[in-house]
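These are my notebook entries on one chain, kept in the order in which I looked things up. I begin with its surface and then go on to individual strands and side chains.

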Amino acid sequence: MKEIYAKFVSQKISKTRWRPVPSGSLQTVESFATGSWDNEENYVSLWSIGDFGNLDPDGGFEGDHQLLCDIRHHGDVMDLQFLDQERIVAASSTGSVTIFLHHQNNQTLSASHQWTAAHYHSGPGSPSCSSAPCTGVVCNSPEIVTVGEDGRINLFRADHKEAVRTIDNADSSTLHAVTFLRTPEILTVNSIGQLKIWDFRQPGNEPSQILSVTGDRVPLHCVDRHPNQQHVVATGGQDGMLSIWDVRLGTMPVSLLKAHEAEMWEVHFHPSNPERLFTCSEDGSLWHWDSSTDVPEKSSLFHQGGRNSTFLSHSISSQANAHQSLLSSWLTTDPAKDRIEITSLLPNRTLSVNSLDVLGSCLVCGTDAEAIYVTRQLFS
């Protein structure tokens, strides 16, 4: 990997997301959004990544990412997702969910719609409708699904003022993250280590499936679905472990991989190269995991300035199957034989790396050290 560029932005970055490139277009990745947290004033910001590698007249790199526009955000930005090329959905610690519209003609952001009390605590012991943080958002335009500390799931549509569907008391614990499995089905992770699958076609407030590590109540903070094989899911949580799940098979993860030394905040499969996966952590690390079959056997699973450890997983279930060639490499990889190669992407440990996103050959991450790191040459 070539140079990773750091920019100090005077605010703690909680979330970072690439603006999607229209499918089938030849456009390159050009901009990303960030959300901040734990600052006197928080912002949703849009950045251009510039022309990395070319020197400007003063001898500096033109590659420094430039702020295009920003807008104040009430509360911490808990999650951030692009709904489409122009609209960004932000989840707030105040319980609100806001759609921001990017006006490209004059490079400004405006709030185009807001659900002010999407998440709130109610019932005995809480003041009437006290706000609860909205902890996670996932978008499949025009649909937006939100989850929160109140254990509530909302299904919104961008053109509707009210929620299309709300599952109250979906969970008695905090829901930390959500992803679509397929259009009517979502998967949530919670603070007692459970994955739950919900089908919006079914009435009632019960999940269609619950998965967890037996006897393990370690909070899960993040989840991502394999882009091509919707039954393959990766999660990370408070113990820093990376878990790979096949939701078709039983209720246990296929493998647990010893990973970070502290909480794993985000996990992302590469959208077009899903044998590669990326994780970031409270311990200040950002890792690239490569499970592709052409990785030569290594004496250690960790490279480039990491700890002198071997990261062996214990495969909890080895459901070998006649169609192994069709399975994800994450399900067929035996780490003791094939070796998953893990590369550290940041030159030095920093404060918590809170968020990352990857698109094409570009990666961006945001940190509590008030820095944003970007590379446009992830695989070169």
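**Entry 1, the whole chain.** I looked up the surface and noted that the chain exposes about 16500 Å², of which carbon and sulfur atoms supply 46%; accessible areas come from the Shrake-Rupley method with a 1.4 Å probe, and for residues only the protein chains shown count as cover. I keep in mind that this is a predicted model, in which local features need pLDDT of at least 70 and side-chain atom pairs count only at pLDDT 80 or more, while totals for chains, interfaces and linings use all residues. Residues are numbered from 1 along each chain as its sequence is written, and side-chain values use heavy atoms, with hydrogens and water left out.

I then looked up the secondary structure and found 2 helices and 32 strands, where helices (H or I, at least four residues) and strands (E, at least two) are DSSP runs numbered from the N terminus. Of the 380 residues in the chain, 54% are buried, buried meaning under 20% relative accessible area, exposed over 50%, and partly exposed in between (1.4 Å probe, protein chains only). Among the contacts in the chain with a separation of 6 or more, 53% come from residues 24 or more positions apart, a contact being heavy atoms within 4.5 Å.

**Entry 2, an open sheet.** I traced 4 strands that form an open sheet in the order S6-S7-S8-S9, with antiparallel pairing; two strands pair if DSSP finds at least two bridges between them. Strand S6 (77-82) and strand S9 (108-115) stand at the edges with a single partner strand each, so one side of each has no neighbour in the sheet. The twist averages 25° from one strand to the next, with axes as lines fitted to C-alpha atoms (for helices over the stretch in contact) and angles running from 0 to 180 degrees between N-to-C directions. Inside this order, strand S7 (residues 87-92) and strand S8 (residues 97-103) pair over 5 bridges, and I noted Thr-98 in S8 as the bridge partner of Ala-90.

**Entry 3, strand S18.** I asked how many residues of strand S18 (residues 194-199) are buried. The count is 6 of the 6, so the strand is largely enclosed by the rest of the structure. Gln-194, Lys-196 and Trp-198 point one way, Leu-195, Ile-197 and Asp-199 the other way, and all are buried.

On pairing, I found 5 antiparallel bridges between strand S17 (residues 185-190) and S18, with Ile-186 matched to Trp-198. The hairpin of S17 and S18 has 3 residues between the strands, and there Gly-193 takes a positive phi near 80°. S18 is also joined by 4 bridges to strand S19 (residues 209-212), again antiparallel, and Ile-197 stands opposite Gln-209.

**Entry 4, two histidines.** His-121 lies in strand S10 (residues 120-121) and counts as partly exposed because its relative accessibility is 25%. From His-121 to Gly-151 I noted 30 residues in sequence and 9.1 Å in space, C-alpha to C-alpha. His-221, in strand S20 (residues 220-225), has 16% relative accessibility and therefore counts as buried. Beyond its neighbours within four places in sequence, His-221 is in contact with residues including His-176, Val-189, Gln-238, Glu-263 and Trp-265.

**Entry 5, strand S24 and the cores.** Is Glu-266, in strand S24 (residues 264-269), buried or exposed? Its relative accessible area is 4%, so I recorded Glu-266 as buried. The side chain of Glu-266 makes polar contacts with the side chains of His-268 (3.2 Å) and Ser-355 (3.1 Å); such a contact is a pair of N or O atoms within 3.5 Å, where within protein one must be able to donate a hydrogen and the other to accept it, and residues adjacent in sequence count only if both atoms are side-chain atoms.

The largest nonpolar core has 18 residues, and those with the most contacts inside it include Ala-234, Leu-242, Val-267 and Trp-330; a nonpolar core is a set of buried Ala, Val, Leu, Ile, Met, Phe, Trp, Tyr and Cys residues joined through side-chain atoms within 4.5 Å. S24 gives the most to this core, with 3 residues. I also noted a second, separate core of 14 residues that includes Phe-278, Leu-356, Val-358 and Leu-378.
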